[in-house]
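Me: I would like a close look at one part of this model, the second largest pocket, with enough of the surroundings to place it. Please begin with the surface as a whole.

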Amino acid sequence: MSSTPPFAQRKAPSEGPTVARALPKGQQTKAAIVDAALRMASQVGLEGLSIGTLADVMGMSKSGVFAHFGSREELQISVVNEYYARFERDVFYPALQEPRGLPRLRAMFANWMRHTGAELDSGCIFISGAVEFDDRPGSVRDALAQAVSSWLDAMTRAVRQAREENHLSQEVDERQVTFEVHALILALHYEARFLQMPGAIERTTRGFESILSRYCVSN
């Protein structure tokens, strides 16, 4: 089954999605199915994916959809991989245009915030998937865990680079900083999406600045 490679081992995609006409017809169809499945999963979760419903959406037979994946599990993994690729495109790769250190770390957080804000009406596959598969060993859980771990590793590298550039204290624990930033994003989802509390985005931004103020080198 397919798996998701870490950020550092993937090439940055060109702007926008792959042009459909550059793909063989079978791959075009598969990409369209995955796109529809990703939209569905953002609303009902990975476990809510139904071959039958997806076939209706695509105007295909169940066997036609099934033939592209071989199993519902492989479809779920394909959705995780596609979500991951879009997350990289929107959050990670643009931040690499910024200088190493604090500018890049700030860009990663700002991009992550924009990505999260756009998902508040639908949902995050990483978060909903963690709830669905946290205690269910298997390939889908492995794909989800690898994707999230790769992103957190990328954040940790950015924190480490900020320390190497003397933007952060030499005593900083990069994993602790990543943990605190990740906690902010999780709290944002909970407060803004579930509790629908106003001001959650602003509090998250202030929380990030508070983290940096504790770890930044004094000028």
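What does the accessible surface of the chain come to, and what share of it belongs to carbon and sulfur atoms? After that, which residues and helices line the second largest pocket?

Reply: The model is predicted. The accessible surface of the chain comes to about 11,600 Å², and carbon and sulfur atoms account for 52% of it. The chain has 219 residues, of which 42% are buried. Its secondary structure consists of 9 helices and 0 strands, so that the order of elements from the N terminus is α-α-α-α-α-α-α-α-α. Of the contacts between residues at least 6 apart in sequence, 72% join residues at least 24 apart.

Now the pocket. The second largest pocket has a volume of about 360 Å³, and 22 residues line it. Nearest its centre lie Phe-126, Ile-127, Ala-130, Val-148 and His-182. Four helices each supply at least two residues of the lining: helix 5, helix 6, helix 7 (139-164) and helix 8 (174-194). Helix 7 gives the largest share, 7 residues.

Between two of these helices there is a loop worth following. Ser-122 lies in the loop that joins helix 5 (102-119) to helix 6 (125-133). Its relative accessibility is 17%, and because the cut-off for buried is under 20%, Ser-122 counts as buried. Setting aside neighbours within four places in sequence, Ser-122 is in contact with Ser-42, Gln-43 and Arg-193. Cys-124 is also buried, at 10% relative accessibility. Cys-216, in contrast, is partly exposed, because its 25% lies between the limits of 20% and 50%. The structure holds 0 disulfides.

On the other side of helix 5 in sequence, Glu-98 sits in the loop between helix 4 (72-95) and helix 5. At 35% relative accessibility, Glu-98 is partly exposed. Beyond four places in sequence, Glu-98 touches Pro-103, Arg-104 and Ala-107. The C-alpha atoms of Glu-98 and Met-108 are 9.4 Å apart, with the two positions 10 residues apart in sequence numbering.

The remaining region to describe is the start of the chain's helical part and the annotated segment. Met-40 belongs to helix 1 (residues 25-44) and is buried, with a relative accessible area of 14%. Apart from neighbours within four places in sequence, Met-40 contacts Gly-45, Gly-48, Leu-49, Ser-50, Thr-53, Leu-54 and Val-57. For one of these, Ser-50, the C-alpha atom is 9.1 Å from that of Met-40, at a separation of 10 residues along the chain. An unreviewed UniProt entry carries the annotation "DNA-binding region" for residues 50-69. In the model, residues 50-69 are 65% helix and 0% strand, and the C-alpha atoms at the two ends of this segment are 13 Å apart.

To return to the pocket: its lining draws on helix 5, helix 6, helix 7 and helix 8, with helix 7 as the largest contributor, and Phe-126, Ile-127, Ala-130, Val-148 and His-182 are the lining residues nearest the centre.

Notes: Residues numbered from 1 in each chain as written. Predicted model: local features only at pLDDT ≥ 70, side-chain atom pairs only at ≥ 80, totals over all residues. Heavy atoms only, no water. UniProt positions renumbered as here; feature names shortened; annotations may be inferred. Buried < 20%, exposed > 50% of the residue type's maximum accessible area, 1.4 Å probe, protein only. Contact = heavy atoms within 4.5 Å. Areas by Shrake-Rupley, 256 points an atom, 1.4 Å probe, with all protein chains shown as cover. Disulfide = S-S within 2.5 Å. 1 Å grid on protein atoms, 1.4 Å probe; cavity = no way out; pocket = protein on both sides within 12 Å on 5 of 7 lines; lining within 4 Å. Points joined across faces, edges and corners; volume = space filled by probe spheres on them.
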